[in-house]
Amino acid sequence: MIGRFLSELRGRRIVGVRTKEGKVLVPPLEYDPATGEPVTGEFVEVGPAGTVTTWAFVPEPGAGHPLDRPFAWALIKLDGADTALVHAVDAGDPKRLRAGMRVWPVWNDHPTGQITDISCFVPEVTDIVANVRTEYRLQAGGALRVFLEGIERGVFLGGRCDTCAKVYVPYRLTCPECGNAIPETLELPDTGTITTFAINNLPDPRAPEVPFVSAYILLDGSDIPVIALIGDVPAHEVRQGMRVRAVWVPEPERTASMANIRWFAPTGEPDVEQP
Ligand SMILES: [Zn+2]
C-alpha cells in the first residue's frame, strides 16, 4: 500500500485507497481503521489541494524538521479523501492558520518516491495585488481605416445594408442584423439629433469643462447613434431631441483620428420629436 503511494509521489500524484464502504484513505492503509476490514485495493487520485482540519505550530524548527523556518504540522484533508494526511504547512505568519484553510502542495524539484517529495503545503493563492498599467494602440483594420480616412477629410462615412436598408456609422463591412456585406460607403452629414445623454462630473481632458455632457447622437440619415461629447452649451440645457453639429478642429490639425471632432454643439434648430 505505502509503496504504491510513494511511487505515485514520484509522478507528483497523491493517491488513496478505497475501503469496502467507499471511503478513500490517504495515505492508503491495508485495513480500514474504522471496521478492521481489508481495503479494496482500488487506488484513487486525490488533491493535490486540500483543507487544513487542525494544526500545531512549530515556532523553532529542529534539525529533523522539513522547514528551517517556523511552520505548522497540520492534518490536511485532500480533495476527494476521507481521511487527513499529516504534513508541514508553510504559512508564514501563524495568524494565517485556521481550520478550513485551503492549501496546495509544493513539490520537490526531484521527486524520489518519499513523503518529502512534497516539500510542504502552502496557503492557496486566492488574489494578488498587481499594479498594472497598459496602453493600447488600436490598429484600424479595413472598415475602421476607411471611416477614419473620412474623418480626416471632415466626413462621416457610413454604409447602407442592401437588404434591410439600415444605415450604419461608423462604416462597417457587414450588416450586424442580417449578416450581408455592405459594399459601399455612404457620406453622412455632420448634423444629428441627441437621443440620450449623460452629465459627467469627473474631469476628462477632452471635455470642454466640468460637468460635461456625453451623448448618443443619431446622425441625419443613419440608424445607429454615435457617442460624442457635447460642447458650447451649459450641461443643464442639453436635452433629448436637441439638434447638434460636429465642431471640427481646423483642417491643418486633422489626422485620421476621432480627435478631429472636438464635440457636437447645438445648431439652434427646433428640437426633434423623439421617435
Ligand atoms: Zn442588413
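At 34% relative accessibility, C178 is partly exposed (from 20% to 50% relative accessible area; under 20% is buried and over 50% exposed, with a 1.4 Å probe and protein chains only). C178 is also one of the protein donors of a zinc ion, and salt bridges are the other topic here. The model is predicted, so local features need pLDDT of at least 70 and side-chain atom pairs count only at pLDDT 80 or more, while totals for chains, interfaces and linings use all residues. Residues are numbered from 1 along each chain as its sequence is written, and side-chain values use heavy atoms, with hydrogens and water left out.

**The zinc site**

- The zinc ion has the SG atoms of C161, C164, C175 and C178 as its protein donors, 2.2 to 2.3 Å away (donors are N, O and S atoms within 2.8 Å of the metal, or 3.2 Å for Na, K and Ca; water is not among the atoms, so sites may look incomplete).
- Angles among the four donor atoms run from 98 to 127°, and the site is tetrahedral (for four donors, all angles lie between 85 and 135 degrees).
- For orientation, the ideal angle for four tetrahedral donors is 109.5 degrees.
- Along the chain, the donors follow the spacing C-x2-C-x10-C-x2-C.
- C161 sits in the loop between β9 (156-160) and β10 (167-168), and C178 in the loop between β10 and β11 (186-188), so this pair links distant parts of the chain, 17 residues apart (strands are DSSP runs of E, at least two residues, numbered from the N terminus).
- C161 is buried, with a relative accessible area of 1%.

**Salt bridges**

- The whole structure holds 17 salt bridges (a side-chain nitrogen of Lys or Arg within 4 Å of a carboxyl oxygen of Asp or Glu).
- D79 and R102 pair through their side chains at 2.8 Å, N to O. Because D79 lies in the loop between β5 (71-78) and β6 (85-89) and R102 in strand β7 (residues 102-107), the pair ties together parts 23 residues apart in sequence.
- Both partners are partly exposed: D79 at 33% and R102 at 28%.
- D190 and R245 form another salt bridge, with their closest N and O atoms 3.4 Å apart. D190 is in the loop between β11 and β12 (191-200) and R245 in strand β15 (residues 243-248), so they tie together parts 55 residues apart in sequence.
- D190 is buried at 17%, whereas R245 is partly exposed at 43%.
- R206 and D204 meet at 2.8 Å, N to O; R206 is exposed at 62%, while D204 is buried at 19%.
- R4, E8 and R13 are joined into one network by salt bridges that share partners.

Technical notes
Four donors count as tetrahedral if all angles lie between 85 and 135 degrees; four count as square planar and six as octahedral if opposite donors are over 155 degrees apart and all others between 65 and 115; anything else is irregular. Helices (H or I, at least four residues) and strands (E, at least two) are DSSP runs, numbered from the N terminus.
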